[in-house]
Amino acid sequence: MGSRHSFLLSTLALVLTSVRAFADGPDTPRPDPWNKGAHPPGVITPMPVPTWTKPPAPAMVSTSGVDVQPAKPTQIVTDETLALRVKQLEEDLAAVRAAQGTPSGDDWTKRIRIGGYIQPQLVWQTFNGPGSPNVDANGQLPAGIGANDTIAKSDGTTTNPDFFRIRRARLFARLSTDATTVMLEVDPIPRGGSITGSGTIARRVYVAGIARFSESTRLEIGVGEFKVPFGWEVLQLDSERPFIERSFMANSLFPSEHDVGAFAHLYAEKFTLMTAVLNGVMLGEKNFAIIPDLNRGKDFVARAHYDLGPADLGASGYVGSGSLVDGANLRFKQYGRWAANVEFALHHEFSHKLGQTKAFAELTYAQNLDRGTLISYALPTIPADVTQDVINKRELGGFIRVEQDATQWLTLGVRYDYYTPDTSIGDDQRHTFSGVAAVHFTKQLQLMTEYDSALDRIHPLNAGPWRTKTINTLSLVLQGRLL
């Protein structure tokens, strides 16, 4: 009997233990009999006896399937509550950034733009007799030498006008914030020659502070090297112009377009006023990199521009002083100079299939402003009596330019420009007729093909009979842009 009772009791205990384990449910995790990590490997801990857990009472459900238990009250989120939560999250995020040393605004790397472009060029030129680089000091071709032959020059070069070259290359980085602009643009092209210090690769290099009066009105004040704000053509970026070269007048008065000084630019929606105080020695002049200014006086320039919508009007003025240096006799002469300019632009899409039509025109009247980089005798001369004034030279020039988009892939353009460095000399002018076709393969790649035909009768005073120089230039540029 005793053994039977013991067997029955043991069996009953085993059944109760199984029932309790089943009551705990299949999702109850089983204890790890090895208790890994709590004891050294190989030490077995006894399995604890499971405890009885009363299962939760089932929820009462109505016959229609609707829960008859009272529902939890729904929390209503108002706009004010949501705004407070967003504000709190922003404050928490700003605190985290401050703790990590991160600015609370945009990442500073997003405020820097790095870009640039390159313009490899192939140039062919042909000349008539008077326009040939082979003519001697008297304007005559040597015996047996043709106008388009290649001959040696005394400086160790030749008169070959056909070549590949890097016409322009620009690499820039600009930091822009709500209150500051820092600009650094260089021209990374090969430089050489025997004149030490005569070259420069700096282009737009300046720093400016910005004062904002409204969303559409701001004032920028800066110092450094920048484009001279005179007229529209001088300010236009080379990468945005389908024509490879500027007009002859612009290249004569403002070679390379840059000077060093301080500027103040006011932008007020459709009206722009740009002013600057300059050294007065342009990038591209002989002594720019050696002595940026030959005299103590500074030049002043201003440009006003108004956007009428499909048309634009503008006017510019320049006043300052130039300098002449006679190194052989150690003489130095200053003279006054000035210029006035008016500009007009039209831009409208007459045909949606073709694209925009653009027309530009400028007229400039100046005195003693030619820099002598293209025409050496365009500069005034030092009088025999250095105390006397120079003989003033009045310059007159302008251009008319029309561009037509022919779909998004092609832009066609024609231009006529005129220039005379001395209006007191009869028949002293240069006429240039130009045509260009710019094929836009992508936003970053375009091919520009330009043909220029120049009729040049510019000559010194009392030069006697003067023949017309004919200069024909065919130029191809494949422009690639970083951005």
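This report describes the principal nonpolar core and the internal cavity of a predicted model.

## Nonpolar core

The largest nonpolar core comprises 26 residues, and Phe254 and Tyr318 have the most contacts inside it. Three elements each give two or more residues to this core: the strands β4 (202-212) and β7 (271-278), and the helix α3 (248-253). Of these, α3 provides the largest share, with four residues.

## Surroundings of Phe254

Leaving aside residues up to four places away in sequence, Phe254 touches seven partners: Val228, Phe230, Val234, Met282, Tyr318, Leu369 and Arg371. Tyr318, one of these partners, is also named with Phe254 among the residues that have the most contacts inside the core.

## Internal cavity

The structure holds one cavity of 30 Å³ or more. The volume of the largest cavity is about 60 Å³.

Its lining includes Phe230, Gly231, Glu233 and Val234, together with Met249, Ala250, Leu253 and Phe254. Asn341, Glu362, Thr364 and Phe399 also line the largest cavity. By character, the lining residues divide into seven nonpolar, three polar and two charged.

## Elements shared by core and cavity

At least two lining residues are supplied by each of α3 and β11 (355-367). The largest share of the lining, three residues, comes from α3, and α3 likewise gives the largest share of the core.

Phe254 also belongs to both descriptions: this residue lines the largest cavity and is among those with the most contacts inside the core. Phe230 and Val234, which Phe254 touches, are likewise part of the cavity lining.

Technical notes: Residues are numbered from 1 along each chain as its sequence is written. This is a predicted model: local features need pLDDT of at least 70, side-chain atom pairs count only at pLDDT 80 or more; totals for chains, interfaces and linings use all residues. Side-chain values use heavy atoms; hydrogens and water are left out. A nonpolar core is a set of buried Ala, Val, Leu, Ile, Met, Phe, Trp, Tyr and Cys residues joined through side-chain atoms within 4.5 Å. Buried means under 20% relative accessible area, exposed over 50%, partly exposed in between (1.4 Å probe, protein chains only). Contact means heavy atoms within 4.5 Å. On a 1 Å grid over the protein atoms alone, a cavity is a set of points where a 1.4 Å probe fits but cannot get out, and a pocket is an open set with protein on both sides within 12 Å along at least five of seven lines; lining residues have an atom within 4 Å of a point. Grid points are joined across faces, edges and corners, and a volume is the space filled by probe spheres set on the points. Ala, Val, Leu, Ile, Met, Phe, Trp, Tyr, Cys and Pro count as nonpolar, Asp, Glu, Lys and Arg as charged, and the others, Gly among them, as polar.
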